[in-house]
Amino acid sequence: MGLKVYNTLSRKKELFEPAEPGHVKMYVCGITAYDRCHIGHARSAVVFDAIVRYLLFKGYNVIFVRNFTDIDDKIIKRASEEGISSKELSEREIGHFYEDMTNLKVLKATFEPRATEHIADIIRLIETLIARGYAYAAGGDVYFSVRRFSSYGALSGRDVEELVSGARVAVGEQKDDPLDFALWKAAKPAEPSWDSPWGHGRPGWHIECSAMGMKYLGPTFDIHGGGLDLIFPHHENERAQSEAATGQTFVKYWIHNGFVTIRGEKMSKSLGNFITIKDILKRHNSEALRLFLLSKQYRGPLDYSEEALGEMETALERCYRAIVEAGKVASRPVKKACQREDVQAAESIKTLEALPGQFGQAMDDDFNTAQAIGFMFEAVRALNRLCQAAGKRPCASYSDGLKSGIKTILSIGRILGVLEDDPVQYVRSRDLDGLSALGLTEDEVLDAIIQRTEARARKDWAAADSIRQRLDGQGVALKDTPEGTVWAVKSSAVLP
RNA sequence: GGCGGCGUAGCCAAGUGGCUAAGGCGACGGUCUGCAAAACCGUUAUUCCCCGGUUCAAGUCCGGGCGCCGCCUCCA
């Protein structure tokens, strides 16, 4: 069974067959660089990052383009409000974008082109469209003739006649038809502009993606992605102008991710309910955020809440702690071969061995990361189970099972972009961070442990318990192990 | 009005025709422990918004209804 992908154009899951076997050409609409990115941007970025990682894992050679829109109305407006140039604003926000993406562990794209660096390509494409009769210049603007492109509306499922009623013509526009959209906009006074055959101006929004995409990927891409809201008009227009220019299929598979909502409502600036990536990562671990963003099928809405993210953080920590424990147990010396096979342990080993296959099956079904994560969690439980068996009866086959189990889980995690930190350090730094958040130092805790250990040696359980209860009340749990007493910050204590 | 999506346990969420309806979080009981914690085991949906229909068989397909949401204007 091969990879199946839901295609917005056909509204069906289709078998994924790239134009050139073994190679995937993929374009995802990036940000308009005028403000901080919010969780919605994070979802899109992380979803497509997981897709790229999975395609790479499957052995495809992936050429991935993610653009920056660094010139448009919003940028011009915001820049003038702030009293800086459009360039300064977009540079700053692109910087912020990279900061966020690095923190989210989103892989860099093969090409990350900017609209302003491809003006010549854009002008050439517009000229082609004019030459082919799909576009016309009017008063310094250039418009695309929507009605000339017969399958206009196919992607978004819209009927051209019905679009007419909603279409608007802004003041000063000289469109032949209200449906037509701008490929090139004449410069207004004091706006950034570039010279063109039609006078000074700047590119319309849609044309940049066609121009840059085709420059780096050629006339046909295998995958074109972005948020659901981009389907109309952005991707509809991109498709129209690209196919009009080349006469070839622009995109084989259109992939769109759903929105992040808050309390069931779409995040938006006007509702004031958006949360930036930066703010979230102040309070939450980035891998927990990734896991949360991948915990639901990518096409549906995803409701954000602190609680939901906290749950993922707990689950992630369980994975890390399992790996740490398994690593410890696996490194103990083993004296003998297993006398008799423990049925549970054998089953655990089987579960761990089955993980890659199950994971692949889930991901092959339109990147079902939610199911894939489920399999990963099951494997973690199997690892813990095996860990107990190995702890009781150390033997070579168990510790080998643990070692390969760890390896398997980590390799699967890597495709989702989680469990990439050093497990020992992750757990350790989580505990230390938690401790400082609780206003405690490790020395205080270690002192208390020493006192309690002495009390326990005297079998003074009352004293020992009161020390433990005191720490527990402060958010620190003590755990007595064969190697002595260890401490951990209770996850409930550091969550909001 | 047009287009699209969603409604599965206390909460989140897979599953789109057929063995016992994944998984996470939470809760409860147990194993372990001096007692705990962690981990593990068990329990927590005789049933998938409602009503009809197709089928030997439906959460899964079809029809109708109710509820929620998104797009149709810049938007991940």
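**Two domains and an RNA strand**

Okay, let me start with one pair: Arg321 and Asp431 form a salt bridge, with their closest N and O atoms 3.2 Å apart. Keep in mind that this is a predicted model.

So where does that pair sit? The domain assignment splits chain A into domain 1 (4–257), domain 2 (309–421) and domain 3 (425–494). Arg321 belongs to domain 2 and Asp431 to domain 3. The contact between those two takes ten residues from domain 2 and eight from domain 3, and their C-alpha centres lie 27 Å apart. About 780 Å² is buried between them, with carbon and sulfur atoms giving 52% of that area. On the domain 2 side, Glu317, Tyr320 and Arg321 supply 52% of what that domain buries against domain 3, more than any other three residues.

How many salt bridges are there between domain 2 and domain 3? The count is four. The side of domain 2 that touches domain 3 has six charged residues, along with three nonpolar and one polar.

Now, over to RNA strand B. There are 48 residues around the strand, and Lys74, Trp205, Gly227, Lys266 and Arg468 come nearest. Sugar and phosphate make up 68% of the strand's atoms that come within 4 Å of the protein. Gly227, for instance, has a polar backbone atom 2.4 Å from a sugar or linking oxygen.

The bases get some attention too. Val260 has a polar backbone atom 2.8 Å from a base nitrogen, and Arg456 puts a polar side-chain atom 3.2 Å from a base oxygen.

Last one: which element gives the most to the surface near the RNA? That's α12, with nine residues.

Technical notes
Residues numbered from 1 in each chain as written. Chains lettered and ligands numbered in written order. Predicted model: local features only at pLDDT ≥ 70, side-chain atom pairs only at ≥ 80, totals over all residues. Heavy atoms only, no water. Domains from an automatic or database assignment. Contact = heavy atoms within 4.5 Å. Buried area = accessible area lost by both parts, 1.4 Å probe. Salt bridge = Lys/Arg side-chain N within 4 Å of Asp/Glu carboxyl O. Nonpolar A, V, L, I, M, F, W, Y, C, P; charged D, E, K, R; others polar. Near = heavy atom within 4 Å. Polar contact = N/O pair within 3.5 Å; in protein donor to acceptor, adjacent residues only side chain to side chain. Helix = DSSP H or I, 4+ residues; strand = E, 2+ residues; numbered from the N terminus.
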